[in-house]
Amino acid sequence: MERGQAVAIERALTFEVGGEPLLGILHPATVVVAAAETPVAAGTAIPARAEAATIAAAATAATEAPRGLLLVVGGPQYRVGSHRQFLLLARHLAAAGIPVFRFDYRGMGDSSGPQRDFEQINEDIRAAIDCFQSASPGLREIVIWGLCDAASAALFYAWQDPRVSALVLLNPWVRTEEGLAKAYLKGYYLRRVLSRDFWTSLLSGRVNPLNSLRSLLTMVRRVAGAGRASSAADTLGGNAGGDADSDAKVAASGTAGANGTPGASLSATKGQRLPSGPLPERMAAGWQRFSGPILLILSGDDLTAAEFRDVAAQSPAWQGLLEAPRVTRRELPDANHTFSRQVWRDQVADWTRDWFFSST
């Protein structure tokens with residue numbers, strides 16, 4: 001090993017939730033071994049014991065970072081991500097000095113247990129933060145990074161845990177039948193009607209106008225019908241965005257630590273739940289209850305992002321939330337849902353890195 005060389009030691013960690021073993025990967029902040037006061041001649045080997053001590057010192061220094069990033073995976077997906085997205089992001093951030101922990105929640109990847117959706121992983125996120133802090137003793141603050149329904153899960157969880165200081169949300173999932181139909185009408189049908197290719201195909205007979213009209217009317221009916229169903233659901237109540245088993249275990253957890261120590265009690269939110277109602281309204285409530293800074297990244301070529309924009313612009317529950325000073329918004333006009341091209345992945349990583357350091 002040469003002086004000035006970067007040292008990064010990724011570690012696989014296991015932890016339990018409800019008796020089920022979960023697997024995570026810790027990416028400690030990369031530490032550059034300081035140059036010796038007396039320069040070492042080129043080609044001179046550092047003694048094995050000295051090299052081992054240097055690596056150990058670097059590993060110790062890497063655990064002392066006060067702030068880290070928990071990468072929550074959207075489902076159905078596992079900790080590596082589509083086109084290795086989460087692995088590459090974690091290494092990019094660790095190389096910039098940001099410790100990262102990514103994990104498989106129950107029922108996904110290499111973690112056991114029955115498969116579950118994003119509204120049932122509060123307990124998994126809390127246990128992952130405990131594990132992250134145990135492996136990184138200096139860690140006091142956690143930034144949660146989530147794409148799609150992992151962003152939704154982050155909003156359901158973050159306001160309950162004082163250790164979570166900030167959020168990075170990408171293309172949040174606010175799916176409802178009404179919202180999907182509206183997004184299709186705006187993002188697909190309107191664009192198609194304005195497209196030269198559509199009219200060329202129509203005039204040449206390659207497109208059946210009756211089929212196109214039927215499809216359009218079906219979407220319009222869905223918007224109208226889903227709107228009525230949504231009003232009825234508001235009256236009757238709905239899922240409150242959490243699982244009762246998780247709430248019970250939060251109430252029974254240990255004593256609180258002022259700096260957010262592992263196993264910190266969430267007694268300040270004991271018994272509290274998000275209000276009943278459609279998914280977008282419950283997510284807005286989670287957004288309002290969380291007081292930390294938020295980085296919002298939206299793709300331009302993505303139906304999920306289009307649906308989120310519509311909800312944020314039109315739903316009374318979302319009015320003004322994205323314009324708050326604590327919210328930083330970034331748009332990638334040509335990017336798809338998972339930022340599949342390298343240029344898009346790199347831009348997301350750079351935005352995350354820069355915002356992470358500026359939002360402290």
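These are my notebook entries on a predicted model, taken in the order I looked things up.

**Entry 1. The chain as a whole**

I began with the secondary structure and counted eleven helices and ten strands in the protein chain. The chain has 360 residues, and buried residues make up 46% of them. I then looked at contacts between residues at least 6 apart in sequence, and found that 74% of these join residues at least 24 apart.

**Entry 2. Helix H11**

I turned next to helix H11, which covers residues 342-358. It has 17 residues and spans 24 Å from its first C-alpha to its last, close to the 24 Å expected at 1.5 Å a residue.

Which residues of H11 are buried? I listed Trp 344, Val 348, Ala 349, Trp 351, Thr 352, Trp 355 and Phe 356. Looking down the axis of H11, I found these buried residues within an arc of 165 degrees, so they line one face of the helix. On the other side of H11, I noted Gln 342, Val 343 and Ser 358 as exposed.

I then asked what the buried residues of H11 pack against. The strands are E5 (67-72), E7 (141-147), E8 (164-170), E9 (294-299) and E10 (327-332), and helix H2 (85-95) is also in the list.

**Entry 3. Thr 352**

I picked Thr 352 in H11 for a closer look. Its relative accessible area is 1%, and a residue under 20% counts as buried, so Thr 352 is buried. Leaving out residues up to four places away in sequence, I found that Thr 352 touches Leu 69, Leu 93, Trp 145, Val 168, Leu 295 and Ile 297. For one of these, Ile 297, I took the separation: 55 residues in sequence from Thr 352, and 9.3 Å in space, C-alpha to C-alpha.

**Entry 4. Strands E7 and E8**

Two of the strands packed against by H11 are E7 and E8, so I checked how they pair with each other. They run in the parallel sense, with six bridges between E7 and E8. Leu 147 stands opposite Leu 170 in E8. I also checked how covered E8 is, and seven of its seven residues are buried.

**Entry 5. Aromatic pairs**

I searched the whole structure for aromatic pairs and found nine. The rings of Phe 15 and Phe 101 have centres 6.1 Å apart and planes at 50 degrees, so I entered the pair as tilted. This pair links distant parts of the chain, 86 residues apart: Phe 15 is in strand E2 (residues 11-17) and Phe 101 is in strand E6 (residues 100-103).

Are these two rings on buried or exposed residues? Phe 15 has 10% relative accessibility and counts as buried. Phe 101 has 0% and counts as buried too.

I took a second pair, Phe 356 with Phe 357, and noted it as edge-to-face, at 5.5 Å centre to centre and 85 degrees between the planes. Phe 356 is buried at 4% relative accessibility, whereas Phe 357 is partly exposed at 42%.

I also traced a cluster in which ring pairs link Phe 15, Phe 101, Phe 103 and Phe 132.

**Entry 6. Charges over rings**

Which residue lies over the face of Phe 356? I found Arg 67 there, at 4.8 Å from the ring centre. I noted another case at Trp 159, where the charged end of Arg 289 sits over the ring, 4.6 Å from its centre.

**Entry 7. Positive phi values**

Last, I looked up backbone angles and wrote down two residues other than glycine with a positive phi.

His 83 has phi near 45 degrees. I placed His 83 in the loop between E5 and H2, and its relative accessible area of 32% makes it partly exposed.

Cys 148 has phi near 65 degrees. I placed Cys 148 in the loop between E7 and helix H4 (149-158). At 12% relative accessibility, Cys 148 counts as buried.

Technical notes: Residues numbered from 1 in each chain as written. Predicted model: local features only at pLDDT ≥ 70, side-chain atom pairs only at ≥ 80, totals over all residues. Heavy atoms only, no water. Phe/Tyr/Trp six-rings, centres within 6.5 Å; stacked < 30°, edge-to-face > 60°. Helix = DSSP H or I, 4+ residues; strand = E, 2+ residues; numbered from the N terminus. Buried < 20%, exposed > 50% of the residue type's maximum accessible area, 1.4 Å probe, protein only. Lys NZ or Arg CZ within 6 Å of the ring centre and 35° of its normal. Expected span 1.5 Å × (residues − 1). Arc of directions from axis to C-beta. Contact = heavy atoms within 4.5 Å. Pairing = 2+ DSSP bridges.
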